[in-house]
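Me: I have a structure open and would like to talk it through with you. Could you take my questions in turn?

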Amino acid sequence: DGCQRIELRVLISITGAVFLLVLTWILVPEHGLVGLAWAQIGQGILILLGSWVLLQRELPSLTLLSPKWRYTLFREMFQYGFNFQVVSVAVMLFDPITKVLMATFGGLSSTAYYEMASRMVMKFHALLVSANQVLVPQVANLNETAPDEIRKIYRNSYRIVFFLSLPLFAGVAAIAPLASELWIGHYEQSFVEYSLLLTAGYWLNTLIGPAYFVNLGTGSLRLNTLSHLAIGILNGVFGYLLGLVFGDVGVVSGHVLALVTGSCLLILGFHRDQHMPLAGLFPAEDKFLFFSCCLGLLMGWWTFRSLEDSLVPIVNAGLTLAACTIPTGIAFWLHPMRRKIVSRIVAEIGRRASIASL
């Protein structure tokens with residue numbers, strides 16, 4: 001990551017996953033779960049050695065053990081790592097607390113439907129979050145060489161995330177009835193309600209991704225840590241209080257409210273520290289796309305309710321998704337950011353092709 005060779009890290013990860021699959025196929029039939037444990041150990045060893053070999057190619061002067069010692073660097077890394085551990089603990093407790101509250105106020109079936117809805121939404125959420133991670137090494141480099149460029153990087157990244165997240169999460173909301181039919185076997189209202197609430201919360205949480213990773217790149221983790229602590233504490237408080245009043249839906253609402261509150265603390269604090277106007281949080285170029293996504297969701301809801309009793313449920317769910325896709329897809333296609341992204345991708349492919357031909 002520090003050498004800005006993200007593709008090498010991805011290559012190692014994919015190779016490790018394939019190696020785990022092969023070892024599992026060989027060892028598990030004879031040794032059972034112990035064989036799976038050995039396969040995971042083998043995967044870890046492969047990733048460690050492969051990462052070291054590729055890192056030495058990028059940094060030839062790197063040695064296994066360095067006799068050099070600088071206290072200032074150690075203290076900086078220790079403080080960075082300590083904040084990272086606090087964040088990790090807060091993240092680790094976030095989802096289990098919600099599940100405990102769900103089991104208390106909604107029962108095991110509600111907890112299972114929440115788990116399914118959460119997994120579905122988080123898979124789409126991870127698409128944009130993982131893509132944003134490439135900011136960290138770039139921002140770290142700029143922080144040492146050209147700190148004034150960080151704002152520009154942040155603004156460009158935020159505009160792209162805002163543009164991509166709108167149709168993505170509108171699609172997640174529209175696909176919830178169809179996912180219920182395919183995954184559960186029938187329309188489950190609890191699953192759909194949880195999905196819609198989580199979609200709204202994680203859409204707003206996705207927007208803080210650029211600020212979050214810029215902070216990681218600059219080493220300023222105060223807002224990141226504060227955000228995670230607020231989310232973790234408020235999740236338990238809001239979930240319990242709203243669960244007492246509204247049951248399982250109240251717990252999920254508290255989960256989302258805590259997520260949104262913590263996210264707002266981070267992004268508002270980031271804009272304040274960087275002296276950036278809050279008007280930039282809603283780019284003018286995305287207004288048409290935003291209202292088109294809202295229109296698409298309304299059309300999808302109207303379609304679902306109108307045809308609820310007259311069609312096969314899975315057909316109705318499919319038509320709901322189609323009704324939402326039409327206005328959203330048109331606005332997405334006409335958006336100027338789409339043309340910029342496509343032109344950049346085509347130019348990059350051409351550049352790599354020309355380098356390979358040489």
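Me: Let's begin with the chain as a whole: what percentage of its residues count as buried?
Reply: Happy to help, and please keep in mind that this is a predicted model. A residue is called buried when its relative accessible area is under 20%. Among the 358 residues of the chain, the share that counts as buried is 37%.

Me: Thanks! How many helices and how many strands does the chain have?
Reply: Reading along the sequence gives the pattern α-α-α-α-α-α-α-α-α-α-α-α-α. The C-alpha atoms fill a box of roughly 75 × 55 × 50 Å along the principal axes. The secondary structure comes to 13 helices and zero strands.

Me: What share of the contacts with a separation of 6 or more is made by residues 24 or more positions apart?
Reply: Contact here means heavy atoms within 4.5 Å. Taking the contacts in the chain with a separation of 6 or more, residues 24 or more positions apart account for 75%.

Me: Now a helix pair. Are H6 and H12 roughly parallel or roughly antiparallel to each other?
Reply: Helix H6 covers residues 150–183 and helix H12 covers residues 313–334; their axes lie 8 Å apart, at an angle of about 170°. Angles over 145 degrees count as roughly antiparallel. H6 and H12 are therefore roughly antiparallel.

Me: How many nonpolar, polar and charged residues are in the contact of H6 with H12?
Reply: On the H6 side the contact includes Phe163, Leu164, Pro167 and Glu181, and on the H12 side it includes Ile314, Leu321, Thr328 and Phe332. Sorted by class, the contact of H6 with H12 has 15 nonpolar, four polar and one charged residues.

Me: On to open space: which element gives the most residues to the lining of the largest pocket?
Reply: The largest pocket has a volume of about 1,100 Å³. Of its 24 lining residues, Val134, Gln138, Ser157, Ile160 and Arg344 are the closest to the centre. Helices H1 (6–31), H4 (108–132), H5 (135–145), H6 and H13 (336–357) each give two or more residues to this lining. With seven residues, the element that gives the most is H6.

Me: And how many charged residues does the lining of the largest pocket have?
Reply: Asp, Glu, Lys and Arg count as charged. The lining of the largest pocket has 13 nonpolar and five polar residues, and its charged residues number six.

Me: What about enclosed space: which helix gives the most to the lining of the largest cavity?
Reply: There is one cavity of 30 Å³ or more, and the largest cavity holds about 40 Å³ of space. Its lining is made of Asn83, Phe84, Val87, Tyr212, Leu216, Leu221, Asn224 and Thr225. H3 (71–105), H8 (209–218) and H9 (222–246) are the elements that give two or more residues to it. With three residues, the helix that gives the most is H3.

Me: Two single residues to finish. Is Ser292 buried or exposed?
Reply: Ser292 is found in helix H11, residues 287–306. Leaving out residues up to four places away in sequence, Ser292 touches Pro327, Thr328 and Ala331. Its relative accessible area is 7%, so Ser292 is buried.

Me: And is His275 buried or exposed?
Reply: His275 is found in the loop between helix H10 (248–273) and H11. Most residues other than glycine have a negative phi. His275 is not a glycine, yet its phi is positive, at about 55°. With a relative accessible area of 67%, His275 is exposed.

Note on methods:
Residues numbered from 1 in each chain as written. Predicted model: local features only at pLDDT ≥ 70, side-chain atom pairs only at ≥ 80, totals over all residues. Heavy atoms only, no water. 1 Å grid on protein atoms, 1.4 Å probe; cavity = no way out; pocket = protein on both sides within 12 Å on 5 of 7 lines; lining within 4 Å. Points joined across faces, edges and corners; volume = space filled by probe spheres on them. Helix = DSSP H or I, 4+ residues; strand = E, 2+ residues; numbered from the N terminus. Axes fitted to C-alpha atoms, helices over the stretch in contact; angles between N-to-C directions. Parallel < 35°, antiparallel > 145°, perpendicular 65-115°, else oblique. Buried < 20%, exposed > 50% of the residue type's maximum accessible area, 1.4 Å probe, protein only.
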